[in-house]
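This report introduces the structure to a reader who has not met it before. Its topics are the nonpolar cores, the charged pairs and one annotated region.

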Amino acid sequence: MSQTVRRAIDALECIARRPRTQTEVGEHLGVHRSTALRLLESLAEGGLARRLPDGRYAVGHRLAGLAQLAVEQFGLKDVASEHLRGLGERSGHTVHLAALEGEQIVYVDKVDPVDGVRLYSQIGRPVTLHTAGVAKAILAHVPRDRADALLAGCDFAPHTGTTITDAAAYRAALDETRARGWAVDDGEYEDYVNCLAVPVRDSGGDVVAAVSVTALKAKADLAALEADVLPDLMTTAETISKELGWRP
């Protein structure tokens, strides 16, 4: 990649976070303010940046339009598919991608292990909110009123001995999930499987989906998943988020 193109990308990311002066952009790029000004003016001529009345530079309207076109071309499943399959191959366990769609959280992709047991979950079917790790990973990060609305019809029915059957206890679990950064399903729907799940963010930073790794307890318990799989799972979710436009 040429130096000019790299600087242009870095400058756009810089002003995308908040409007900046040419001096701030120059400091960010490590160049003289006059060099930054020439770069910003070129971006402005192309509609990718714009000069505000106070002299600072912000992203241009053309860039916003291009971003919207990109979102329409690359859906969540398209972006995530290759990364999910890689995670499945490396872990040897079942990988799920679930997304928040309207008033439900739905499985949108699934990778089964080549030589493993296939789980009950099906693409297109809603998850069981009070047991699924992907549901906890999403609900822990959406606004509280949205989470409450989604859980309004949840019956908290017991499925196993570890199922959370109380709304208050479930909200406490969501608080733990948010603080920890990942969710846990400790055999709460089927007692012979457990899973870890990590949220996925969109370009605005909102959590819109989650990726999980589900394993037979006989093959890997939660401690083993945390030690052997969690770092890769978190990296995969972060990579998908970044490809959706998220920036930490």
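In this predicted model, the largest nonpolar core comprises 28 residues, and L76, V211 and I240 have the most contacts inside it. Two or more residues come from each of helix 5, strand 3 (94-101), strand 4, strand 6 (193-201), strand 7 (207-216), helix 9 (222-228) and helix 10 (230-243). Helix 5 makes the greatest contribution to this core, with five residues. Leaving aside residues up to four places away in sequence, L76 touches L97, A99, V108, V200, A209, I240 and L244. There is also a second, separate core of 27 residues, and L100, V142, A147 and L151 are among its members.

Charged side chains form a further set of links. Side chains of opposite charge can pair when their charged atoms come close. The model contains 13 salt bridges, including the three listed here.

| Salt bridge | N to O distance |
|---|---|
| R85 and D109 | 3.3 Å |
| K110 and D112 | 3.7 Å |
| R144 and D148 | 3.3 Å |

What does the salt bridge between R85 and D109 tie together? R85 belongs to helix 5 (residues 76-91) and D109 to strand 4 (residues 104-111), so the pair connects parts that are 24 residues apart in sequence. R85 is partly exposed, at 33% relative accessibility, whereas D109 is buried, at 2%.

The salt bridge between K110 and D112 likewise brings together a buried and a partly exposed residue: K110 counts as buried at 14% relative accessibility, and D112 counts as partly exposed at 23%.

R144 and D148 both lie in helix 7 (residues 144-151); because they are four residues apart there, about one helical turn separates them. R144 is exposed, with a relative accessible area of 53%, while D148 is partly exposed at 27% relative accessibility. Through salt bridges that share partners, R144, D148 and R171 are joined into one network.

The last topic is an annotated region. An unreviewed UniProt entry places the feature "domain: HTH iclR-type" at residues 2-61. How much of the chain over residues 2-61 is helix, and how much is strand? Over this range the chain is 62% helix and 10% strand, and the C-alpha atoms at its ends are 25 Å apart.

How values were computed:
Residues numbered from 1 in each chain as written. Predicted model: local features only at pLDDT ≥ 70, side-chain atom pairs only at ≥ 80, totals over all residues. Heavy atoms only, no water. UniProt positions renumbered as here; feature names shortened; annotations may be inferred. Salt bridge = Lys/Arg side-chain N within 4 Å of Asp/Glu carboxyl O. Buried < 20%, exposed > 50% of the residue type's maximum accessible area, 1.4 Å probe, protein only. Core = buried A, V, L, I, M, F, W, Y, C linked by side-chain atoms within 4.5 Å. Contact = heavy atoms within 4.5 Å.
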